Structures are given as structure tokens and as C-alpha cells.
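User: Please take a close look at one part of this predicted model, the open sheet together with what packs on it, and then set that part in the context of the whole chain.

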Amino acid sequence: MTAAYEQLRDHDAVHIWRGRAPDTLAPDATDLLSDDEAAMVRRLPEPAAARYAAAHAAVRRVLSGYLGVPPREVVLGRRPCPRCAHPEHGRPRIDWPPTDLDFNLSRSGPHWLLAVVVGHQVGVDLEDDRSLDVEGASRFVMSASELTHILSAPGGPARTHAFFRCWTRKEAVVKAIGVGIVTDLSAVDVQPATDGPVLVAHAEPTGPDTWVVQDLPVTDGVFAALAREAGATGPVVFRRYDQELAEETRTREVLVP
């Protein structure tokens, strides 16, 4: 057990690690990855391959700082899906070393966020401000009240912002649960008219049925949200990542209200 782990546990905190991946593959880019992850890197074109490799290597470096083992020894797997019990598309987990640390990764373009907690389920989602048909997309995935909120916003950036507030909150919840977008997203009402944090009800066969959801401050043109179990109300702390800082265990912390 490390001091970083004890700090996380004792404060019932969530650490949000924020990083930016490079656009070109480093020579050792896949050294820390599993065989499946390395195979994924080989299938992806640049810059997607470099971004995928860097983010997933960063996950092991960050987790190793809490677990007290070298990054290469961190073994990641997945929990069974709470809906169908399939072992390949449930929530991510740490298979070794034994721990009650929980984490969730989200990537968008070069940006990535990693949420880390102790003893709770957590989900995080990150999306860049890409061009899309907001009204058309909203009619497929939003509840009636969410759709009203989005369409009542002025056109352009305000409406896009309203859409991504809804989308990232929903994705954070379903990632915390472990069912992904196979669930009916229109049934997950995330109260976008409220700045948050907000309580969101959504139950699956296993796990909690109420979640605390909040928007996360990130860079311009990027949207993010965090979901954690209701009752897990410790501080949310941003930690900036880069490889040199991670290897020297130095970080810059920013407390999120």
C-alpha cells in the first residue's frame, strides 16, 4: 500500500488524471501494453495508434503509483457485463495486484482522462467539440426533458454545448455501471438544466442504482463528466500527467468544486 493509495482512500477522493497523447508512435510505445492492446495499436492508423498506445501506457504508469508495483506488472482485465455477464465488455478492473482500486479511462482525439477511486464504481467521459447534427442525434438518445432543453438553446455553440453536457453525463453513468451504449440512453435522464452535481437514477442487475454526476472543467472545445456512486462525496482532484512527471511521481493538483 502506497501513500498515494492511502490519501485517495482516506479522503474518499476521486483523482482525475488529465493527459494529452502524441500524434506519432514512440519506439517503446507498446512496451507496457497487453498483447491485445498491442495488436490494436498495429491495426490503427496514425495518429490514432500513437494516441491509443500513449493513453493506455499512461494508465499503467498512473495505477502503478497507487499500487506500488512497476507499470509492467499491472495486469488489467474486465468484469462481467452486469446485464449479460459476458466477460469481455464489462467494466475495466485490475486483475493484479489484488486491490479495491477502481478506475475508468476516456479518450477523445489526443486528450484523455483517467478517474481513480478506492472502493467505489466510477465512470468518466470526454468528448471533443466535433461537428454533428445535434437535433438529429438528440432525438435518438435524449429523454423528452433533455431534448426540450437542447432544442431551447440558441443554435450554434450553445446548442452543441447543451448536447455534449447531456452526452458526457450519460456516458459517464453507463461507463460507471459497465453496460456502455447498449443501454437505452434516453432512459438515463441527466438533468442538463442543472449545473450539478446532480443525482441520476439508473439501475442494472448489479451495482448501485443512484449516481452523483458532475461536469468536469477541461480545455476549451472539450467536454467531460464524472459519475460515481451516490454517497461517495469526497473531493474531486485534477492531476496533470506527463510521462516525466509520472516517473518522478510529481504532479500538479487542482481541486474541483
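Analyst: In this predicted model, four strands form an open sheet in the order S6-S9-S8-S7, and their pairing is antiparallel. Strand S6 (122-128) and strand S7 (198-201) are the edge strands, each of them pairing on one side only. On average, neighbouring strands of the sheet are turned by 25 degrees against each other, direction ignored.

At the S6 edge, the partner is strand S9 (residues 222-229), and seven bridges join these two antiparallel strands. Within this pairing, leucine 126 stands opposite alanine 224 of S9.

A helix accompanies the sheet. Helix H6 (residues 157-177) lies across S6, S7, strand S8 (210-215) and S9, and runs at about 150 degrees to S6. The length of H6 can be checked against its residue count: at 1.5 Å a residue, its 21 residues should span 30 Å, and the end C-alpha atoms are 30 Å apart, which agrees. Of these 21 residues, 17 are buried, that is, under 20% relative accessible area; H6 is therefore largely enclosed by the rest of the structure. In an α-helix there are 3.6 residues a turn, so residues three or four places apart point the same way.

After H6 comes glycine 178, which has a positive phi near 105 degrees. The loop between H6 and S7 also contains glutamine 191. Glutamine 191 has a positive phi as well, near 55 degrees, although this residue is not a glycine. Its relative accessibility is 31%, so glutamine 191 counts as partly exposed, lying between the limits of 20% and 50%.

Elsewhere in the chain, strand S1 (14-20) takes part in two pairings of opposite sense. With strand S10 (residues 236-240), S1 runs parallel, and five bridges join the two; here histidine 15 has valine 237 of S10 as its bridge partner. With strand S5 (residues 111-118), S1 pairs in the antiparallel sense over six bridges, and arginine 18 has leucine 113 of S5 as its bridge partner. Five of the seven residues of S1 are buried, so this strand is largely enclosed by the rest of the structure.

The loop that leads from helix H1 (3-10) to S1 holds aspartate 12. Aspartate 12 has a positive phi of about 50 degrees although it is not a glycine. At 25% relative accessibility, aspartate 12 is classed as partly exposed because this value lies between the 20% and 50% limits.

Helix H3 (residues 48-67) can be examined in the manner applied to H6. Its 20 residues should span 28 Å at 1.5 Å a residue, and the end C-alpha atoms are 29 Å apart, which agrees. Since 17 of the 20 residues of H3 are buried, this helix is largely enclosed by the rest of the structure. Glycine 68 follows H3, with a positive phi near 75 degrees.

Before H3, the loop from helix H2 (35-43) contains proline 47. The peptide bond from glutamate 46 to proline 47 is cis, and its omega is near 0 degrees. Another cis peptide bond joins tryptophan 96 and proline 97, with omega about 5 degrees. Proline 97 is placed in the loop between strand S3 (92-96) and strand S4 (101-108).

As for the whole, the chain has seven helices and 11 strands. A compact globule of 257 residues would have a radius of gyration near 18 Å, and the chain has 18 Å, which agrees. Along the principal axes, the C-alpha trace spans about 50 × 40 × 40 Å. Buried residues make up 49% of the 257 residues. Among contacts with a separation of 6 or more, 56% are accounted for by residues 24 or more positions apart. The accessible surface of the chain is about 12100 Å², and 52% of that area belongs to carbon and sulfur atoms.

Methods:
Residues numbered from 1 in each chain as written. Predicted model: local features only at pLDDT ≥ 70, side-chain atom pairs only at ≥ 80, totals over all residues. Heavy atoms only, no water. Pairing = 2+ DSSP bridges. Axes fitted to C-alpha atoms, helices over the stretch in contact; angles between N-to-C directions. Contact = heavy atoms within 4.5 Å. Expected span 1.5 Å × (residues − 1). Buried < 20%, exposed > 50% of the residue type's maximum accessible area, 1.4 Å probe, protein only. Rg over C-alpha atoms; globule rule 2.2 N^0.38 Å. Areas by Shrake-Rupley, 256 points an atom, 1.4 Å probe, with all protein chains shown as cover.
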